[in-house]
Amino acid sequence: MGFLVVDRVSHTYFTEKTAVTALENISFTVEKGEFVSFLGPSGCGKTTLLSIIAALIKPTKGTVFVEGKTLDCARASAGYMLQQDYLFPWKTIEENILLGLKIMGTLTETTKKRALDLLDYIGLKGVETHYPSQLSGGMRQRAALVRTLATNPKMLLLDEPFSALDHQTKLKLEELVWQTLKDYEKTALLVTHDIGEAIAMSDRIFLFSTKPGKIVRTFIVPDELRRLSPFAARQHPQFSALFQSIWKELDQLETNK
Amino acid sequence: MKQTNEQIHSFHQQYIASRKKEKRLIRFFQLAIFVSFFSLWEVASRQHWVDPLLFSSPSAIWDLFVQKLADNSLVTHTFITLLETLLGFIIGTVAGACFGALLWWFPRLAKTLDPYLVVFNAMPKVALGPILIVALGPGFTSIIAMGVIISVIVTTIVVYSAFQEVDANYLKVLKTFGATRYQCFKEAVLPSSFPTIISTLKVNVGLSWVGVITGEFLVSKLGLGYMIIYGFQVFNFSLVLMSLLVIALLSTVMYQAVSIIEKKLMKHR
Ligand SMILES: Nc1ncnc2c1ncn2[C@@H]1O[C@H](COP(=O)(O)OP(=O)(O)OP(=O)(O)O)[C@@H](O)[C@H]1O
Ligand SMILES: [Mg+2]
């Protein structure tokens with residue numbers, strides 16, 4: 001059995017007037033240390049899926065297993081990084097990155113040192129006493145990554161973490177996140193709108209259709225690209241071939257609607 | 001390069017000088033208004049342009065002030081009013097914030113109480129004065145109660161809506177770490193509502209003065225409100241105006257104190 005198993009998960013949002021089915025019969029497995037991406041049109045339920053895996057909402061149908069256990073037992077096993085950094089503006093960077101440890105009650109000298117080392121590793125040494133408003137967008141997103149990693153989660157859920165950044169910063173951060181996750185051997189699930197980003201960073205790509213959200217295709221990124229860092233992968237000849245085929249598939253999804 | 005640096009420096013000096021000049025000018029006009037208002041008042045009263053019995057005069061008020069200071073009655077009255085106002089202000093604000101937190105904690109309670117809050121908020125609270133005096137006795141307690149009741153409901157409503165307006169994504173961040181409801185409140189809901197809470201403090205300064213002075217009007221025993229009512233009844237308008245000036249001074253000081261607290265708390269936003 002895989003590290004993360006999503007078994008026939010469906011989710012419907014109920015409001016007084018409507019019932020919106022965001023996800024229908026989603027099943028897949030992710031191995032330990034694997035990096036997978038979810039690509040799909042807006043509103044196909046990607047955020048919903050991540051929220052279910054993070055145990056923030058309960059699916060109306062189906063089960064999610066992490067290392068063979070259902071989610072209720074493995075609470076907070078995932079680190080979740082949102083589209084914007086959502087650093088708490090009234091806390092210093094140090095207080096922000098230690099927040100998860102504090103909440104989980106695992107803040108000790110050792111874990112604190114680990115978090116501060118991580119801040120150093122990611123190139124943010126010396127900003128511990130700064131407030132988020134004193135940092136640039138890219139620095140803030142890196143600090144948010146440290147906050148997520150500080151609790152040593154078993155897997156990382158990334159919900160379009162780079163979409164609010166300029167292109168240059170985005171490429172640099174992709175590189176950094178990819179390297180960090182490889183170094184720390186983390187399993188990661190990335191939601192993105194950017195086909196290139198999905199190919200450059202992941203081992204497998206799930207393509208979603210909308211209304212209701214379903215997995216329509218799975219692309220396996222060839223070994224040559226997987227071994228390369230995101231930036232190098234973008235230069236590889238195989239990159240554009242895969243890009244083309246995913247593009248066509250997405251285009252068809254849009255026109256068939 | 002060096003030349004341009006010097007140029008920038010001299011421009012900066014000029015800028016600072018012009019700002020200073022502007023500030024001094026404003027201060028001068030403020031002082032001019034103050035001085036001419038009181039001089040005009042004095043002259044108008046002495047020349048009988050206005051009725052000195054009704055409008056008194058700065059010099060008469062000052063004489064009365066010195067006299068009341070000397071016989072200690074002003075200090076007693078001022079002290080009692082200030083104490084009532086501070087207590088009314090603090091109790092009203094703290095209780096309002098606590099009620100707001102309670103409503104946030106129990107959403108069902110909030111929904112149930114909603115119409116009652118609306119009615120209570122719309123009602124002119126000073127109209128409850130006579131009932132309070134009957135219930136709590138004509139004295140200190142019912143006056144403080146007036147100060148409290150006038151600010152507590154509006155504080156509850158404002159604080160509760162501030163708690164509700166917290167960006168859900170901050171809560172999402174906390175919940176991914178498995179935060180409890182109390183942790184969510186302490187780490188996100190409360191600190192992100194601080195600006196709103198501070199601004200209700202400012203409003204409450206004014207409100208608690210209204211409540212307390214009205215309470216003293218009704219009870220008519222002690223305090224600056226009593227001095228105003230007494231002065232009015234015996235037709236001593238110097239006394240009325242003097243009490244009014246003391247109130248203006250004290251409420252300004254309180255308001256400034258809240259502003260200083262605000263600056264300290266808002267440093268990083
Ligand atoms: N809290 C909610 N209540 C009701 N409907 C919701 C709620 N959250 C999401 N939905 C609906 O569920 C569907 C999927 O939403 P979701 O946010 O998961 O999409 P997404 O794939 O993340 O979209 P995007 O790419 O724009 O972020 C949408 O149709 C949305 O309107
Ligand atoms: Mg989304």
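What follows is a look at the fold of chain B, one helix pairing within it, and the domain layout of chain A, all in a predicted model.

Chain B is a helices-and-nothing-else affair as far as regular secondary structure goes: 12 helices and 0 strands. Reading along the sequence simply gives α-α-α-α-α-α-α-α-α-α-α-α. The chain is also rather spread out. Its radius of gyration comes to 25 Å, where a compact globule of 269 residues would sit near 18 Å. Boxed along the principal axes, the C-alpha atoms take up roughly 80 × 75 × 30 Å. Even so, 39% of the 269 residues count as buried, and among contacts with a separation of 6 or more, 71% join residues 24 or more positions apart.

As for the surface, chain B exposes about 16,100 Å², with carbon and sulfur atoms supplying 71% of that area. The chain carries 22 positive and 13 negative charges, and the mean positions of the two sets are 10 Å apart.

Towards the C-terminal part of the sequence, helix H11 of chain B (residues 224–233) has several buried residues, namely Leu224(B), Gly225(B), Met227(B), Ile228(B), Ile229(B) and Gly231(B). Their cover includes helix H4 (73–105), helix H10 (194–219) and H12 of chain B. Just after H11(B) comes Phe235(B), which takes a positive phi of about 60°.

Helix H12 of chain B spans residues 237–265 and holds Val258(B). This valine counts as buried because its relative accessibility is 5%, well inside the cut-off of under 20%. What does Val258(B) touch, once neighbours within four places in sequence are left aside? The contacts are Phe89(B), Ile198(B), Leu201(B), Lys202(B) and Val205(B). By residue number, Phe89(B) falls within the range of H4 (73–105), and the other four within that of H10 (194–219). These two helices, then, also figure in the cover of the buried residues of H11(B). For a sense of distance, the C-alpha atoms of Val258(B) and Phe34(B) are separated by 25 Å, with the two positions 224 residues apart along the chain.

Turning to chain A, the domain assignment gives two domains. Domain 1 is written in pieces, 34–77 + 154–236 + 248–257, while domain 2 covers 87–152. The contact between them takes 15 residues from domain 1 of chain A and 13 residues from domain 2 of chain A. The C-alpha centres of these two domains lie 24 Å apart.

Definitions and conventions. Residues are numbered from 1 along each chain as its sequence is written. Chains are lettered from A and ligands numbered from 1 in the order in which they are written. This is a predicted model: local features need pLDDT of at least 70, side-chain atom pairs count only at pLDDT 80 or more; totals for chains, interfaces and linings use all residues. Side-chain values use heavy atoms; hydrogens and water are left out. The radius of gyration is taken over C-alpha atoms; the globule rule is 2.2 Å times the number of residues to the power 0.38. Buried means under 20% relative accessible area, exposed over 50%, partly exposed in between (1.4 Å probe, protein chains only). Contact means heavy atoms within 4.5 Å. Accessible areas come from the Shrake-Rupley method with a 1.4 Å probe; for residues, only the protein chains shown count as cover. Lys and Arg count as positive and Asp and Glu as negative; His and the chain ends are not counted. The place of a charge is taken as NZ of Lys, CZ of Arg, CG of Asp or CD of Glu. Domain bounds come from an automatic or database domain assignment.
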